[in-house]
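Morning, everyone. Let's walk through how the helices pack in this one. Here is the model.

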Amino acid sequence: MATPKQAHALVTYFGQKYKKKYGLDPKVNRYAARWGFDAILMDMSSDDAKRLIDYYFETVSPNGHTLDWFFYNYEKLAEANEKTVSDRSLLAVIREATKKRTEEW
């Protein structure tokens, strides 16, 4: 089970990423957000949650990257992130194979 310190650290991390992207602090109820991150930490490690937050802020979001949306959709984000990572590794393999073929030709 996640510790309160881990959950609060993720709230802070989310706030930092938000401020970096939008230039202002997000309006966050830290107490409620702590419980949201506590639930997420039951499914993944703190490092994985940070990577997921990073991925969330890399995506285009019509809702302005709200914390509520993140809590309700983190599982979908995790799936999309895994697919993106696997696609990148597959593309790297394809590029390498193409490079070898062009050198042989």
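**Helix packing and the core**

Start with α2, residues 30-43, and α4, residues 67-104: the two pack at an angle of about 20°, and their axes are 11 Å apart. Keep in mind that this is a predicted model. With angles under 35 degrees counted as roughly parallel, α2 and α4 are therefore roughly parallel to each other. Their crossing is left-handed.

Who makes the contact? From α2, we have Ala33, Gly36, Phe37, Ala39, Ile40 and Asp43. From α4, we have Leu67, Phe70, Phe71, Tyr74 and Glu75. By class, the residues of this α2 and α4 contact are 8 nonpolar, 1 polar and 2 charged.

Next pair: α3 and α4. Here the angle is about 90°, with the axes 9 Å apart. So α3 is roughly perpendicular to α4. On the α3 side, Leu52, Ile53, Tyr55 and Tyr56 make the contact. On the α4 side, the list is Trp69, Phe70, Tyr74, Leu77, Ala78, Ala80, Asn81 and Thr84. How many charged residues sit in the contact of α3 with α4? None: the split is 10 nonpolar, 2 polar and no charged.

Third pair: α1 and α3. Their axes come within 10 Å and cross at roughly 20°. That makes α1 roughly parallel to α3. This crossing of α1 and α3 is right-handed. In α1, the contact residues are Leu10, Tyr13, Phe14, Lys17, Tyr18, Lys21 and Tyr22. They meet Ser46, Ala49, Lys50, Ile53, Asp54, Tyr56 and Phe57 of α3. The α1 and α3 contact counts 9 nonpolar, 1 polar and 4 charged residues.

Now the core. In soluble globular proteins, nonpolar side chains tend to be buried together. In this model, the largest nonpolar core has 24 residues. Which of its members touch the most others? Phe14, Phe37, Ile40, Ile53 and Phe70. Four helices feed this core: α1 (4-22), α2, α3 (46-58) and α4 each supply at least two residues.

Take a closer look at Phe37. Leave out residues up to four places away in sequence, and Phe37 touches Ala7, Leu10, Val11, Phe14, Ile53, Leu67, Phe70 and Phe71. Phe37 is also part of the α2 contact with α4. Ile53 appears in the α3 contact with α4, and again in the contact of α1 with α3. Phe70 of α4 meets α2, and Phe70 is also in the contact with α3.

Key
Residues are numbered from 1 along each chain as its sequence is written. This is a predicted model: local features need pLDDT of at least 70, side-chain atom pairs count only at pLDDT 80 or more; totals for chains, interfaces and linings use all residues. Side-chain values use heavy atoms; hydrogens and water are left out. Axes are lines fitted to C-alpha atoms, for helices over the stretch in contact, and angles run from 0 to 180 degrees between N-to-C directions. Angles under 35 degrees count as roughly parallel, over 145 as roughly antiparallel, 65 to 115 as roughly perpendicular and the rest as oblique. A crossing is left-handed if the near helix is turned anticlockwise from the far one by less than a right angle, and right-handed if clockwise. Contact means heavy atoms within 4.5 Å. Ala, Val, Leu, Ile, Met, Phe, Trp, Tyr, Cys and Pro count as nonpolar, Asp, Glu, Lys and Arg as charged, and the others, Gly among them, as polar. A nonpolar core is a set of buried Ala, Val, Leu, Ile, Met, Phe, Trp, Tyr and Cys residues joined through side-chain atoms within 4.5 Å. Buried means under 20% relative accessible area, exposed over 50%, partly exposed in between (1.4 Å probe, protein chains only).
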